[in-house]
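Welcome! Take a moment to look at the sequence and the model, and then let us walk through a few parts of the fold together.

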Amino acid sequence: MKLTEEHIAYIIKDIQYRGVVTDGIQEELIDHICTATENEMLQGARFIDAYHYVLKSFGNTSGLRATQHQTLQSENKTAKIMLKNYLTIALRNLRKYKFYSFINILGLSVGVALCLIIALFVVNELRYDRHHEKADRIYRVKSEIIFGGNHFNMIFTPAPLAAALTEEIPEVEAAVHFRQRGSYLVKRETENIKESNVVWAGKDFFKIFTVPILEGNVDEILNEPNTMAISQRAAKKFFPDESALGQTLILDNTWNFKITGVYDDMPANSHFHFDFILAMEGLDEAKQSFWLSNNFQTYMLLHEGADANVVETKLIQLFARHAESDFAQIFGEDMTLEKFKETGNKVEYALQPLLDIHLKSDLYGEFEPGFSIAYVYMFVAIALFILVIACINFMNLSTARSANRAKEVGIRKVMGSYRSHLVRQFLSESVLLSFFSFMLAVGLAYMLLPLFNNLSGRSLFIPFNNLSFYAILFAGAVITGLLAGTYPSFFLSAFKPVNVLKGQVSLGMKSGFIRSSLVVFQFAISIVLIIGTIAVISQLNYIQNKKIGFNKDQVIMVEDTYALGDQRLAYKNEILSNSIIVNGTFSGYLPVSGTWRGDNPWWADGKDYRQQENLVSLQNWTVDHDYIKTLDMKIIEGRDFSHEFPSDSTAVILNETAVKNFNFEGDPIGKKIATFTDRDFSPDKLETLTVIGVVENFHFESLKENIGSVMLFLSHRPQGNLSIRFQSQDTKAVIDLLETKWKEMAPGQPFTYSFLDDRFGNMYAAETRLGKVFAIFAGFAIIIACLGLFALTAFTAEQRTKEIGIRKVLGASVGSIVVLLSKEFTKLVLISFVLAAPFAWWSVSKWLEDYQYKTELGWTVFLIAGGIAISIALLTMSFQSIKAAIENPVKSLRSE
């Protein structure tokens, strides 16, 4: 008589009731009791008598517990033995299949190394400004202004805003405003040093931002006019052997500033880096009360629990109240902010979280160039794609080598091995290989990191002294090993012993749909990266070769010419007397970012300025008579400035956009434009200029922006940079000439210069870096994919050795055999291209939407990308295919 399901259920329930098994039922113990009970029943005993007899033989509950304990000990011992066996076999297989193990480890280690570098980069970007203790409560005020044909999204706000925030909005704990006015010449005694990281700031700066004070009292810093705080870096530069506190520095040979504080250097992942912070108390323009002029950057700290949305609403109301009188003064007493908006214009302020500035802000006037959160997502996707490509290599090679492991699986199953044991075996091999790859990846990342730092402009490092770093690596190795080994382990362990031992195992690409799909996915990712790289390079070439309205080549800019004092014109004339110099012009307003800008509302003389449609917001650029000639701009109507016309002191040259926005009736030449001469906006105090020429539109901001309205008018004195156009190919000779004359006329003053084309290129530094990074990652993705393809081709050739031998004996040529071995993989690469092209087109089109002027994404881009992918794939496959095709058929058939 045998046990029924009811009998077994009774035994399990009774043992549980007796409290023998508390953490689950041990199958071995239950099986043992059931077998013993069944034996007693076969002797004629009833079930219940047989069961209690068996319990008695175990000594009831204590005996069962002892048996269970022995079983658990046996299981633990067996588990240790099995684990050791798994590792031993895994190492043996790695040594046995050296070529495939090398391909797997190399591909996975390169993929992991790139992922590690990208992870370090992404973490660094996400940590920007998080060193500030109150970062989650700090906000910046941003502005959007539509007026006079221009649209500005910027960080500039009115001067009186900071003080009004703390006085009128209870949720605001503190507020600070900044004013940047370019670089300064700084000296202690006689020798000037040019410093760029200089800013004017309000006294609450150190209350809002976490910047550790090394010397001085935080409550006294920046409270008085003509005082400053400097960074530790600046203190060591100017006072290397003594304390900087209480010392004096001279700025621009004019202003004396007393140092009242020394602060720690600002960390690299901060959206601003100031070495000199000047007290705003000493800046006259900070005291103005006009609300329609935006020149200051304003930050605020909210009280804990304050709602930023509520504060933003109150900010809008605050501006409307204070600006009402200014609107009335300019546009008439009945003008309000709401009426101003109804005419299509806009002045609006909003709050921007501090932690969003670096990754989610690209506003005009940023302290430093930020990064894009979209690029962060892109980098994360690239890292994951590259890791997936490396994992696919492992899966493909593991499943492709199934024939070599098939008999091993069959014999193990015949000998009694469970499928779960086989799965563990193959997973242990995968995890072990993953560990080797991760160790090699750390070394590769360490070697590649300097190159990446150079490309990205960052200072990343591997945190070897951080224990959590090793924990993450360990977890990553295990997870990667499990992910890469899951499919192969279940695939291999599913073989039926009868079929395997008869040699009935499906091989080849035709039976490997999943493997083929993985190859397609690999190359699709690679092709997307290739297309992205080509698109970025194409846009950069478009930028460099586009007609931009001026000639940026062979123009050198001598900076800080105010250090020459009254010698400016003499210096220019001395330089122009040399035959290698073509022309030169004084102006701080140049068509590259980082130079001077200034705009005011103008209107056509005779029209009512109170009618907003008559107002044009113009960039007001002061220049000299040689500006247009030096920059090789084109006058399309009228004439250039000339010394022969003294009346040109009240003349103006407009660009095409400005002429269009003024909507002159008839010829613009001879027309007059007007504006207010002071902040009183009195109609009795107007400045009128006469249009004498129209200059062809030229780009003065990034090609992401439309060309705005610009006016050029003569300056009463030389100021700004001296831009020199030269014709010599010997650039060093030009620099030597400029520097020699500078030292003669401005001894003790630093000589600094830059090239106009370099400054133009700096406007697209982010795109240039992106193109290089894309190219590198695309290259690595292709390399990893080709490593897998190389190994798969080798394995396919190995499996078809006898078929190739027979074909050669029957007269097949080397070429036909190469085609035979390559055509299936080539089809997969073509399928990859078909799938990748639409996604790549969509992605690149979205990226190009940021540019007002952009390259056309023609079919040649996709053709080139597909050609590159297919060529590399064919080159990869051809080596193994040709090697197999030229093999002597006697060697492959001699065993038959």
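What follows is a short tour of a sheet, the helices packed on it, and some salt bridges.

## The sheet

Keep in mind that this is a predicted model. Let us begin with a sheet. How many strands form it, and in what order? Four strands form an open sheet in the order 16-24-15-25, and their pairing is antiparallel. The edges are strand 16 (581-587) and strand 25 (753-755), each of which pairs on one side only. From one strand to the next, the twist averages 20 degrees. As general background, strands of a sheet pair through backbone hydrogen bonds, in either a parallel or an antiparallel way.

Strand 24 (residues 721-726) is a good one to follow with your eye. Strand 15 (residues 555-558) is joined to strand 24 by four bridges, and the two run antiparallel. Across this pairing, methionine 557 stands opposite serine 723, and valine 558 has leucine 722 as its bridge partner. Strand 16 also pairs with strand 24 in the antiparallel sense, over six bridges. Here serine 587 stands opposite asparagine 721.

Is strand 24 mostly covered or mostly open? Strand 24 is mostly covered, with six of its six residues buried. In a regular strand, side chains alternate between the two faces of the sheet. You can trace this in strand 24: Asn721, Ser723 and Arg725 point one way, while Leu722, Ile724 and Phe726 point the other way, and all are buried.

## The loop before strand 24

Glutamine 719 sits in the loop between strand 23 (710-714) and strand 24. Which side chain does the side chain of glutamine 719 meet in a polar contact? The partner is the side chain of threonine 622, at 3.4 Å. Beyond its neighbours within four places in sequence, glutamine 719 is in contact with Arg568, Phe586, Ser587, Gly588, Trp596 and Thr622. One of these, Ser587, is the residue that stands opposite asparagine 721 in strand 24.

## Helices on the sheet

Now look for two helices. Helix 18 (residues 568-576) lies across strand 15, strand 16 and strand 24, and runs at about 165 degrees to strand 16. Helix 21 (residues 731-745) packs on the sheet as well, touching strand 15, strand 16, strand 24 and strand 25. The direction of helix 21 makes about 25 degrees with that of strand 15.

Two packed helices are described by the angle between their axes and the distance between those axes. Helix 18 and helix 21 pack at an angle of about 145 degrees, with axes 10 Å apart, and the crossing is right-handed. On the helix 18 side, the contact is made by Ala570, Tyr571, Glu574 and Ile575. Helix 21 brings Leu737, Leu738, Lys741, Trp742 and Met745.

Another residue of helix 21 is glutamate 739. Glutamate 739 counts as partly exposed because its relative accessibility is 27%. The C-alpha atoms of glutamate 739 and threonine 752 are 8.7 Å apart, and these residues are separated by 13 residues along the chain.

## Salt bridges

Side chains of opposite charge can pair when their charged atoms come close. How many salt bridges does the structure hold? There are 31 of them, including the three in this table.

| Pair | Closest N to O distance |
|---|---|
| Arginine 458 and glutamate 125 | 2.7 Å |
| Lysine 207 and aspartate 204 | 3.5 Å |
| Lysine 360 and aspartate 356 | 3.9 Å |

The pair of arginine 458 and glutamate 125 links distant parts of the chain, with their positions 333 residues apart in sequence. Arginine 458 is in the loop between helix 14 (419-456) and helix 15 (467-493), whereas glutamate 125 belongs to helix 5 (residues 98-126). Are these two residues buried or exposed? Arginine 458 counts as buried because its relative accessibility is 16%, and glutamate 125 is buried too, at 1%.

In the next pair, lysine 207 is partly exposed, with a relative accessible area of 46%, but aspartate 204 is buried, at 16%. In the last pair, lysine 360 is exposed, at 54%, while aspartate 356 counts as partly exposed, at 23%.

Salt bridges can also share partners. Lys572, Asp624, Asp626, Lys629 and Asp640 are joined into one network in this way.

Technical notes:
Residues numbered from 1 in each chain as written. Predicted model: local features only at pLDDT ≥ 70, side-chain atom pairs only at ≥ 80, totals over all residues. Heavy atoms only, no water. Pairing = 2+ DSSP bridges. Axes fitted to C-alpha atoms, helices over the stretch in contact; angles between N-to-C directions. Contact = heavy atoms within 4.5 Å. Salt bridge = Lys/Arg side-chain N within 4 Å of Asp/Glu carboxyl O. Buried < 20%, exposed > 50% of the residue type's maximum accessible area, 1.4 Å probe, protein only. Polar contact = N/O pair within 3.5 Å; in protein donor to acceptor, adjacent residues only side chain to side chain. Left-handed = near helix turned anticlockwise from the far one by under 90°.
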